[in-house]
Every structure is written in structure tokens, then in C-alpha cells.
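Open the model in your viewer and set it to cartoon. The tour goes from the sheet to a pair of helices.

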Amino acid sequence: MRHGTPPSLEDILDMAETALAAIPAALRAQVRDTAIVVEEAPDDETLTEMGIDNPWDLTGLYRGVPLTQKSVLDVPQSPDTILLYREPILLEWIETGEDLFRLVRNVLLHEIGHHFGLSDADIARLEGEGEPDQG
């Protein structure tokens, strides 16, 4: 049996950019200045800051000021960034059997939700509303 190589950082970024291009234009315009960065895994400082012990538990992170907290009077800081973590995403992909593109899209959309100032609970509720009935 031949095994291919695992998806690279660039492969994950390509999937994220494809997913971003598919969201409604009005929403996409709100995140146009937000960088999407793919890293192998979260660093120790990020894990400590987030209170996370297991690095495999963090597939993505939004760094920036949510739109709900921004003001035109704010002094610009570093650009808002959505970080996607390749290794935890690939582990979740292997463990769940989820389609990799769909998984990357869901992580990206989750972090975009944080850009809009939504809590994890709000995002989970929206994600649940978008799923077809399983009955």
C-alpha cells in the first residue's frame, strides 16, 4: 500500500483561502484585512495564555480585536490574524474521518466568528443551525 504525504502548510492555507472565497461577499469584506496564517502547532506561550494543556486541542485561534470592540479612534495595532494549526487539524481529521476541506473550513469559520465578537457558545449554536437534520 502506498501512502501519500500529509497535507502541507501550503495545502491547508489553500483550503482556507478557497473556503474564505466561498463565504458571502459582505462577510468576506469584513475580514479582508485579517491575515490567515497556518502554523504547524501552537507554541507553549499560546497554550499557556489560553489555559490549554494539550497542544492537540487547539486547531485555530483568532488574534486581534473583535469588530464589536473596535473604534475608528483606535490606534492601529498589529493586524488581526486567524491562525490555523496544521498538526492538530490533521489529528482531528484522522480521528474523526471528517472531510479535510470541511474541517479546515469549519475551523476558519469558527475563528471568523471570534473576529465578529461571537463567543464559543454563539458559534456552536450557529454551526448547529447550519447542519442538516440527522433524523
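Two strands count as paired here if DSSP finds at least two bridges between them. Keep in mind that this is a predicted model.

**Stop 1: the sheet.** Select the three strands. They form an open sheet in the order β1-β3-β2, and the pairing is mixed. Now look at the edges. β1 (35-39) and β2 (60-63) stand there, each with a single partner strand, so one side of each has no neighbour in the sheet. From one strand to the next, the twist averages 20 degrees.

**Stop 2: β1 against β3.** Add residues 81-85, which are strand β3. β1 and β3 run parallel, joined by five bridges. For a landmark, pick Val37: Leu83 in β3 stands opposite.

**Stop 3: the helix on the sheet.** Select residues 9-21, helix α1. α1 packs on the sheet and touches β1 and β3. The direction of α1 makes about 150 degrees with that of β1.

**Stop 4: α4 and α5.** Select residues 86-96 for α4 and 100-115 for α5. Their axes come within 10 Å and cross at roughly 130 degrees. That angle is neither in the range of 65 to 115 nor over 145, so α4 is oblique to α5. The crossing is right-handed.

**Stop 5: the helix contact.** Show side chains. On α4, select Ile89, Leu90, Glu92 and Trp93. On α5, select Leu100, Leu103, Val104 and Val107, which they meet. How do the residues of this contact divide into nonpolar, polar and charged? Seven are nonpolar, none is polar and one is charged.

Conventions: Residues numbered from 1 in each chain as written. Predicted model: local features only at pLDDT ≥ 70, side-chain atom pairs only at ≥ 80, totals over all residues. Heavy atoms only, no water. Helix = DSSP H or I, 4+ residues; strand = E, 2+ residues; numbered from the N terminus. Axes fitted to C-alpha atoms, helices over the stretch in contact; angles between N-to-C directions. Contact = heavy atoms within 4.5 Å. Parallel < 35°, antiparallel > 145°, perpendicular 65-115°, else oblique. Left-handed = near helix turned anticlockwise from the far one by under 90°. Nonpolar A, V, L, I, M, F, W, Y, C, P; charged D, E, K, R; others polar.
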